[in-house]
Amino acid sequence: MALYQIQQEILKSMQGQETDPQTLPAKTQEELSIYYSLVLSSLSSLMQNIYPLCYKILEPSWNELMIQYQNKYPSKSAVYNKLAADFHKLLAEPAVQEKYNYPNYLSELALYEWTELEIYNAPNIQATTKLTPVHQVLQFTYPLTTIVQYLKTSEDSIEEIQTTDIEEEAQISFFYRDETSLKNRSFVLTPASLFVVRAIGSGKGLEEIHKSFCEQFNLQVDIEAINQLQKDLQAANILID
Amino acid sequence: MFDKDKLIKPGLGLGLRRGLTDETLEFYKSPDNTGLIEWLEIVPENYIKLGGVKAKKFQTVLDSKIKLIPHGVNLSIGTAPEKPGQPSYDPYLIDACKELFQEIDAPWFSDHLSCTRVGDIYLQNLLPIPFTQETVNVVSDNVKFLQDTMQIPFLIENPSFYSTIIEPEMTEAQFINSILEQADCGLLLDVNNIYVNATNHNCYSPVEFLEQLKLDRVVQVHIAGHLQGYRSHTGHSIEILDTHGQAISQEVYTILEELLARTTVNAILLERDSNFPALRELVEELKTIKNVIARSNATRQTRKEKYGTLSDTTRNPQVYAGTGN
C-alpha cells in the first residue's frame with residue numbers, strides 16, 4: 001500500500017471515521033487512538049482558552065462538542081490557533097443546536113470571541129486610509145455587547161445562564177486594535193456611523209463624507225458636528241493621522 | 001556534502017516560550033548566565049506574520065541580539081504527495097518561514113520525522129510514518145526541497161512514536177541514516193525520544209541505538225522530560241508519553257552523556273513546552289546538562305588518549321557498556 005493511501009486512512013482515523021482494516025490493521029488503529037486522544041485533549045485546552053464564555057455555557061456537553069468539531073472542521077492552517085476558527089459554524093448547525101439545546105445566541109457569541117482573538121493577533125499592516133488598519137465589522141442578530149457583559153458579570157445561576165435565550169436585536173459591531181495601546185476595542189455602530197466608517201475606509205475625508213450625506217438627505221451641513229466626530233474618532237484611535 | 005563543522009556552535013540553549021520570555025531575556029543578560037542560555041529555539045509557526053502585542057514582544061527578543069534557531073512542527077516532511085516524486089508542502093508556510101529565517105539569520109532549521117499534514121489538512125500532532133524505503137524517498141524529496149528553498153541546512157529530528165503503522169522494512173536507525181544520506185541533511189537528536197521509544201517498544205537499548213546512528217550528522221540535541229503512563233480514550237496504554245512537561249529523568253541524562261562521549265555537537269537545547277516551572281528550575285536543569293557536557297568531554301578526551309583518534313562510529317566495548325533499560 002502506497003504511503004499516500006496510508007496517510008489518507010490515518011486522516012480518517014484522526015477524524016473519528018471508519019478506516020480500511022486492509023490498510024490500517026486493528027493493532028495500528030488501537031495505537032493511533034493515543035494520537036486521537038492527545039489531539040482531542042489539546043483541542044479542548046485551546047478552545048477553552050479562546051472561547052471562555054462559550055465554555056461557561058457549554059461545559060456539560062463540551063467533550064462531545066470537541067469530538068464533533070475535531071471530526072467535522074479540519075484545520076487548513078499551520079498556525080495552531082487557527083484550528084479554532086470554525087467553532088461558530090458548528091454551533092450554528094441546526095442539528096447540533098437542537099441536540100445540545102444551548103442559548104440561541106451561542107454561535108454569534110463564538111464568532112464574537114473568535115474575532116477578538118483575530119484582531120489581537122492580526123499581522124501588522126500599513127494603513128492605506130485614515131481608518132485604523134486592523135478592524136472588522138460584524139453584523140449580529142443578537143445584542144452581543146450586552147450579552148458578553150451579562151455573561152462576564154451575571155450572578156444568575158449557571159444553569160439559568162446555560163439555558164436562557166435572548167431576544168433578537170440586530171447589532172453592528174466595529175472591532176479594532178488600538179494601534180497605540182495594542183489592546184482590542186469595539187463599539188456598536190449606528191447605521192449612520194457605519195456609513196461614516198465605511199466612507200473613511202474608502203479613503204474619503206470626514207468633511208467630504210458629511211457634505212455628501214447632507215446633500216443626499218437634503219440636510220444642512222454642520223461643521224461643528226463634523227469637528228466633534230473627528231475629535232471622538234481620533235480619541236478612540238479609530239481615525240489615525 | 002553535509003558538514004556540521006561548517007556550522008556555528010552556539011552551545012546550550014532554551015526553548016523560547018511566551019510566558020517565560022521576559023524572565024529568559026533578563027537571565028540571558030545577567031552575570032548568573034555562565035554559558036547556560038546562549039541561544040533560544042523558536043517554533044516558527046508561532047512567530048510568522050506577527051502583529052500587535054506579540055510582534056512587539058518578539059521585537060524585544062530580536063533587540064536582545066540572542067541567537068535564535070527555528071524548530072518547526074508543521075513542515076510535515078513525512079507527508080506523501082498525491083503524485084509521487086513531487087515535494088509536498090504548504091506554500092504559505094514556506095514563504096512565511098523563509099521571511100522569518102532571513103529576519104533572524106537562522107544558521108539551520110529543523111522539524112520532526114513525522115507527518116502533521118495530510119493533503120492540505122493539518123492534524124495538529126506529530127503522527128508516525130512507516131519505516132519503509134518509500135517513506136525514505138518521500139522524506140528525502142521534501143527535505144531537499146526545503147533545503148533548496150531556504151538555502152540553509154535542514155536537520156531531521158528523531159521523534160517519539162507510538163505506532164510503526166505497518167510492518168517496518170528497516171530499523172529506526174537504518175531509517176534515519178538512509179534519510180540523512182539520501183537527503184544530505186543533518187540530525188537533531190532528541191535523547192528523550194530515544195528513551196521513550198526504547199521503553200515503549202522495548203526494541204533496543206539507547207546505547208545500541210546511538211551506536212547505529214551516523215553521529216557525525218548530529219548537529220543539535222534536544223533533551224526533555226516525559227510522563228510515566230498514558231491511556232487513550234479507547235483504553236490503549238503506553239508506558240511513557242513524550243510531553244516536554246516534566247523534569248528530565250536520570251536515564252535521559254545518561255543517554256546524553258553516552259552521546260557526548262562519542263561525538264561533539266553544535267548545540268544542545270532544553271525543551272520545555274508545558275507545565276512550566278519557574279525559570280530558576282530550568283536553570284538548574286541547564287546546570288546539570290552543563291556538568292554532563294563537562295564529564296563527557298573528559299571521557300572523550302581520555303578515550304582519544306587511550307585509543308587514538310576514533311571516528312564517531314568507532315567504539316570499544318569496554319568503554320561503551322550499554323545503559324540498557
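Is E31(A) buried or exposed? In this predicted model, E31(A) has a relative accessibility of 9%. The cut-off for buried is under 20%, so E31(A) counts as buried. E31(A) also takes part in a salt bridge. The partner is K27(A), and the closest N and O atoms lie 2.9 Å apart. Both residues belong to helix α2 of chain A, which spans residues 26-50. They are four residues apart in that helix, so about one helical turn separates them. The two ends of the pair differ in burial class: K27(A) counts as exposed, at 56% relative accessibility, whereas E31(A) counts as buried.

A second pair in chain A joins K211(A) and E207(A). Here the closest N and O atoms are 3.6 Å apart. The setting is helix α11 of chain A, residues 206-217. Again the spacing is four residues, so the partners sit about one helical turn apart. K211(A) is partly exposed, with a relative accessible area of 39%. E207(A) is partly exposed as well, at 42%. Side chains of opposite charge can pair when their charged atoms come close. Over all chains, the count comes to 19 salt bridges. In chain B, E211(B), E258(B) and R262(B) are linked in a network of salt bridges.

The interface between the two chains was examined next. Chain B contributes 48 residues to the contact, and chain A contributes 41 residues. Together the chains bury about 3700 Å² between them. Carbon and sulfur atoms account for 64% of that area. On the chain B side, V118(B), Q124(B) and I165(B) lose the most area to chain A. These three residues together make up 15% of what that side buries.

Polar pairing also occurs across the interface. There are 15 residue pairs in polar contact between chain B and chain A, with both residues at pLDDT 80 or more. Several elements of chain B give two or more residues to the side that touches chain A: α2 (52-64), β5 (115-118), β6 (121-127), α4 (133-150) and β11 (237-242). Of these, β6(B) gives the most, with seven residues. By residue class, the side of chain B that touches chain A divides into 25 nonpolar, 15 polar and eight charged residues.

The count of salt bridges between chain B and chain A is one. It joins D120(B) and K76(A), with an N to O distance of 3.4 Å. D120(B) lies in the loop between β5 and β6 of chain B. K76(A) lies in the loop between α4 (62-72) and α5 (87-92) of chain A. D120(B) counts as partly exposed, at 43% relative accessibility. K76(A) is exposed, with a relative accessible area of 57%.

Two further loop residues were considered. H244(B) lies in the loop between β11 and α8 (250-260) of chain B. Its relative accessibility is 9%, so H244(B) counts as buried. Leaving aside residues up to four places away in sequence, H244(B) touches D190(B), A224(B), G225(B), E271(B), R272(B), D273(B) and S274(B). One of these, E271(B), shares a side-chain polar contact of 3.2 Å with H244(B). Another, D273(B), is 29 residues away along the chain, yet the C-alpha atoms of H244(B) and D273(B) are separated by 5.4 Å.

T128(A) lies in the loop between α7 (106-121) and β1 (135-140) of chain A. At 77% relative accessibility, T128(A) counts as exposed. T128(A) and K204(A) are 76 residues apart in sequence. Their C-alpha atoms are 11 Å apart in space.

Methods. Residues are numbered from 1 along each chain as its sequence is written. Chains are lettered from A and ligands numbered from 1 in the order in which they are written. This is a predicted model: local features need pLDDT of at least 70, side-chain atom pairs count only at pLDDT 80 or more; totals for chains, interfaces and linings use all residues. Side-chain values use heavy atoms; hydrogens and water are left out. Contact means heavy atoms within 4.5 Å. Buried area is the accessible area (1.4 Å probe) that two parts lose on being put together, summed over both. A salt bridge is a side-chain nitrogen of Lys or Arg within 4 Å of a carboxyl oxygen of Asp or Glu. A polar contact is a pair of N or O atoms within 3.5 Å; within protein, one must be able to donate a hydrogen and the other to accept it, and residues adjacent in sequence count only if both atoms are side-chain atoms. Ala, Val, Leu, Ile, Met, Phe, Trp, Tyr, Cys and Pro count as nonpolar, Asp, Glu, Lys and Arg as charged, and the others, Gly among them, as polar. Buried means under 20% relative accessible area, exposed over 50%, partly exposed in between (1.4 Å probe, protein chains only).
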